[in-house]
Amino acid sequence: MVFSSNCFIFRFLLLFMVVYLLTPKKYRNGVLLLGSLLFYGIGEPHFIWILMGSVAINYVLSLRIVRKKSRVALITTLVFDFLILFLFKYWDFGAENINRLVQQEFLPLLHLALPLGISFYTFQMASFQIDCYKGKIEQGFSFVDFATYICMFPQLVAGPIVKYQEIAPELKNRECTIKNVEQGFQLFTVGLGLKVLLANPMGTLWNAIQTAGTVGLSGRVAWLGAFAYSFQIYFDFWGYSVMAAGLGKMIGFRIPANFQNPYISKSMSEFWRRWHITLGRWFKEYVYIPLGGNRRGNKRTIFNLFVVWTLTGLWHGASWNFVLWGFSFFLLLAIEKIFLGSILEKHSLLGHLYVILVIPVTWVVFGITDFKILVQYLSSMFGMNGSNVLVGQEQFIRYLGTYGALLGFCVLFSTPIPMRIYKRFSEHFFMKIILVVVLGFSVYEMLQGSNNPFLYFRF
């Protein structure tokens with residue numbers, strides 16, 4: 001079940017909120033847990049046992065970790081969590097490449113479907129166990145508290161990756177007022193509009209350009225597709241994160257922000273401080289800093305960046321294009337660390353142009369899994385298709401005529417201006433009218449059955 005569906009909004013969410021608000025405070029964690037399991041089970045009925053089995057095993061081992069500071073228990077739970085993730089997400093990728101290398105069927109392919117949200121809840125459980133071992137989490141959490149923290153439906157399947165300490169007070173005692181529900185649903189509507197009214201049409205444009213064929217694309221059409229996909233993935237994931245924050249507010253939780261206007265950055269380093277903030281924080285706190293961070297000289301810093309970005313690429317998917325995407329960001333960040341960063345800091349306009357031109361290229365690498373097609377598309381972007389242009393000026397004008405206004409809105413909403421206006425006037429009557437209109441158009445688009453996937457569900 002996805003947030004941007006009439007089934008979720010007018011059936012699941014409506015029924016859940018009625019039951020939740022009528023439930024006494026001391027039982028609300030239980031209701032939230034059961035509702036979250038129902039939410040997950042509707043979408044992934046075959047994999048709910050993996051989620052609950054992981055939660056149960058992690059809870060039992062966490063008790064020993066927090067009481068005894070047992071390194072054995074910590075290693076055991078981390079090995080268990082990442083072994084499950086490896087089997088479902090990476091086994092076939094590794095087996096295929098090893099078999100290709102040795103030119104025989106050396107390892108069997110399991111052909112396992114990927115459980116929804118497994119990358120997110122695995123990282124969340126790992127952060128909990130490590131923080132227990134470090135003494136950042138004290139005794140006193142119950143099984144229901146822990147299971148609710150992991151399974152909470154607003155952030156279960158696509159993040160943000162929430163640290164236990166961030167919501168521990170709300171797990172014990174939280175206010176859930178009609179005012180919070182109203183404000184939370186307003187925020188949910190903002191995220192829904194970003195997803196349905198901006199991300200989905202940009203996805204349609206990206207798909208249309210890809211369908212036209214990667215051989216014979218003119219450079220301007222290829223760049224238009226790259227910008228469309230850049231906007232799609234941003235408003236898709238940002239929209240989801242805003243909806244998650246709105247749902248969290250409705251039920252009394254403060255879910256951390258996951259984006260901070262990344263497309264206005266002046267460098268790749270700044271971009272990754274603003275994009276998928278909770279994932280970047282996870283890798284910084286649990287990989288980069290334990291490796292030494294930037295405290296052991298430039299060579300070690302570069303190596304640490306390489307490790308982090310190799311893992312970041314693989315986290316997004318078991319495919320070589322994700323490895324290449326991670327490696328490309330490693331190179332860009334390493335170059336900025338060595339010399340380019342200081343130049344970009346001094347020349348803001350140059351930094352903005354650099355990000356605007358480089359980011360779409362990296363997203364093309366991210367979005368196209370077939371290497372042959374990827375090379376063809378990148379060749380089209382940089383004018384290396386020769387004179388064999390089949391999709392050129394006429395199609396470019398047609399695409400701009402259809403999507404030009406939406407592209408303008410995407411540019412506008414990539415800046416801080418719209419959200420500043422929303423926060424300033426969120427309580428005003430005219431803003432509520434605007435949100436009713438946004439909700440109405442979004443519901444209409446969902447009824448039309450338009451292109452409506454959440455890209456990060458597959459990671």
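Helices are DSSP runs of H or I with at least four residues, numbered from the N terminus. On this basis, the largest share of a nonpolar surface patch, 8 residues, comes from helix α14. The structure described here is a predicted model.

The nonpolar patch covers about 1,100 Å². Its members are Phe303, Phe306, Trp320, Leu324, Phe327, Leu331, Ile335, Ile338, Phe339, Ile343, Leu350 and Phe371. Two helices, α13 (297-316) and α14 (320-346), each contribute at least two residues to the patch. Ile338, one of the patch residues, is located in α14. With a relative accessible area of 62%, Ile338 is classed as exposed, because the cut-off for this class is over 50%. In general, residues three or four places apart in an α-helix point the same way, because there are 3.6 residues a turn.

Helix α9 spans residues 178-211 and contains 34 residues. The distance from its first C-alpha to its last is 47 Å, close to the expected 50 Å at 1.5 Å a residue. The helix is nevertheless kinked by about 30° at Ala199, shortly before the proline Pro201. Just after α9, Gly213 adopts a positive phi of about 110°.

A search of the whole structure returned 11 salt bridges. One of them involves α9: the side chains of Asp236 and Lys195 meet with an N to O distance of 2.7 Å. Asp236 belongs to helix α10 (residues 219-250) and Lys195 to helix α9, so that this pair links distant parts of the chain, 41 residues apart. Both partners are buried, Asp236 at 1% relative accessibility and Lys195 at 0%. Salt bridges with shared partners also join Asp131, Lys136, Lys163 and Glu285 into one network.

Within that network, Lys163 pairs with Glu285, and the closest N and O atoms are 3.2 Å apart. Lys163 lies in the loop between α7 (143-151) and α8, whereas Glu285 lies in helix α12 (residues 277-288). The two residues are 122 residues apart, and their pairing links distant parts of the chain. Lys163 is buried, with a relative accessible area of 12%. Glu285 also counts as buried, at 19% relative accessibility, because the cut-off for burial is under 20%.

A further salt bridge joins Glu175 to Lys25, with 3.2 Å between the closest N and O atoms. Glu175 is placed in the loop between α8 (164-172) and α9, and Lys25 in the loop between α1 (6-22) and α2 (28-43), so the pair ties together parts that are 150 residues apart in sequence. Glu175 counts as partly exposed at 48% relative accessibility. For Lys25 the relative accessibility is likewise 48%, and this residue too counts as partly exposed.

The search for disulfides across the whole structure found 0. Cys7 takes part in no disulfide, and the nearest cysteine sulfur, that of Cys151, is 20 Å away. This separation rules out a disulfide for Cys7, because the two sulfur atoms of such a pair must lie within 2.5 Å. Cys7 counts as partly exposed, at 37% relative accessibility. Cys410, by contrast, is buried, with a relative accessible area of 0%.

Terms used. Residues numbered from 1 in each chain as written. Predicted model: local features only at pLDDT ≥ 70, side-chain atom pairs only at ≥ 80, totals over all residues. Heavy atoms only, no water. Expected span 1.5 Å × (residues − 1). Bend = angle between axes of the 7 residues up to and from the residue. Buried < 20%, exposed > 50% of the residue type's maximum accessible area, 1.4 Å probe, protein only. Patch = residues over 30% accessible without salt bridge, like charges linked within 9 Å, V, L, I, M, F, W, Y side chains within 5 Å. Areas by Shrake-Rupley, 256 points an atom, 1.4 Å probe, with all protein chains shown as cover. Salt bridge = Lys/Arg side-chain N within 4 Å of Asp/Glu carboxyl O.
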